[in-house]
Amino acid sequence: MELSGSKSTGLAGCRGVRLAYGSTIALDDVSFAVEQGETVAVTGPSGCGKTTLLHVLSGLLRPDAGEVYFESEDFSTRSDAARSRLRLTSFGFVLQFGDLVPELTLRENVELPLRVTGTRAPVARRRAEDLLGELGIGDLADRQAGAVSGGQAQRAAVARALVHEPRVVFADEPTGALDSGSGEAVLDCLFAAARERGAAVVMVTHAPEVAERADRVVRMRDGRVLQAVTVR
Ligand SMILES: Nc1ncnc2c1ncn2[C@@H]1O[C@H](COP(=O)(O)OP(=O)(O)O)[C@@H](O)[C@H]1O
Ligand SMILES: [Mg+2]
């Protein structure tokens, strides 16, 4: 990653980012980059700024200082609407257990990112069904999200994060609420489906066995990036 100038070679990232919540400095001069198709784990103790970094990289939070870019374009100063559009079209999200709409079926949940960007219902339906099948839960497509196991719900969340073919998937403790067996299965789904589509993954976790599944591990402490370790 080039550290000077306004352009960068990474697909997405940030440079010299600072962000404070009142007197709490959550991010202190943080630079980070992810390449196309790369999987990166962001790890570190609770409160070190992992979630805040993910929110800055995805445009949910605007930093107090520094640049945030996607495809060489600094979008940190673009409007809320423009950043929102970028999230809808280019990014996918997997949060900790519980962010599917429980009253909707798994298929309807997975269709949502397509429907809000104007994909016609039959097309959205077919893509959602195909992806649920690919992730091994095709038989649960018509089940309400509130009536499946945590691991099954997280697989559906992976499907929802990937169905609109985003360039980057941001995952915040995606297996944090699961037992290790179902956590493994969800990670298998996430990494395989992302690799299949050439999507980059930025995954926050405080679990070393989860972090080591990524191509690269970035460690944080007290709002700073400590080191970037290449795992494989
Ligand atoms: N909305 C908020 N208001 C005030 N402080 C916050 C808020 N969100 C996070 N923080 C603080 O910012 C720091 C970083 O938080 P966070 O990014 O959530 O860390 P992590 O995800 O690594 O646990 C912590 O000290 C946390 O208490
Ligand atoms: Mg967090």
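User: In this predicted model, what makes β1 and β4 count as paired strands?

Analyst: Strand β1 (residues 12-21) and strand β4 (residues 65-70) run antiparallel and are joined by five bridges. Pairing takes at least two bridges, so these strands pair. One of the bridge partners is easy to find: R18 is matched with A65 in β4.

User: Where does that pair sit in the sheet, and why are β2 and β5 at the edges?

Analyst: The open sheet has four strands in the order β2-β1-β4-β5, with antiparallel pairing. β2 (24-34) and β5 (73-74) each have a single partner strand, so one side of each is left without a neighbour in the sheet.

User: On to the ligand. How do you know that T52 makes a polar contact with ligand 1?

Analyst: An N or O atom in the T52 side chain is 2.5 Å from an oxygen atom of ligand 1. The cut-off is 3.5 Å, so that pair counts. The backbone joins in too: a polar backbone atom of G49 is 3.1 Å from a ligand 1 oxygen, and for C48 a backbone N or O atom lies 3.3 Å from one. Protein covers 58% of the 560 Å² of accessible area that ligand 1 has on its own.

User: Which elements give two or more residues to the shell around ligand 1?

Analyst: Those are β2 and α1 (50-57). The largest share, three residues, comes from α1.

User: What is the make-up of that shell by class?

Analyst: Six residues are polar, four nonpolar and one charged. Lys counts as charged, so K50, one of the residues around ligand 1, fits that last class.

Definitions and conventions. Residues numbered from 1 in each chain as written. Chains lettered and ligands numbered in written order. Predicted model: local features only at pLDDT ≥ 70, side-chain atom pairs only at ≥ 80, totals over all residues. Heavy atoms only, no water. Near = heavy atom within 4 Å. Polar contact = N/O pair within 3.5 Å; in protein donor to acceptor, adjacent residues only side chain to side chain. Areas by Shrake-Rupley, 256 points an atom, 1.4 Å probe, with all protein chains shown as cover.
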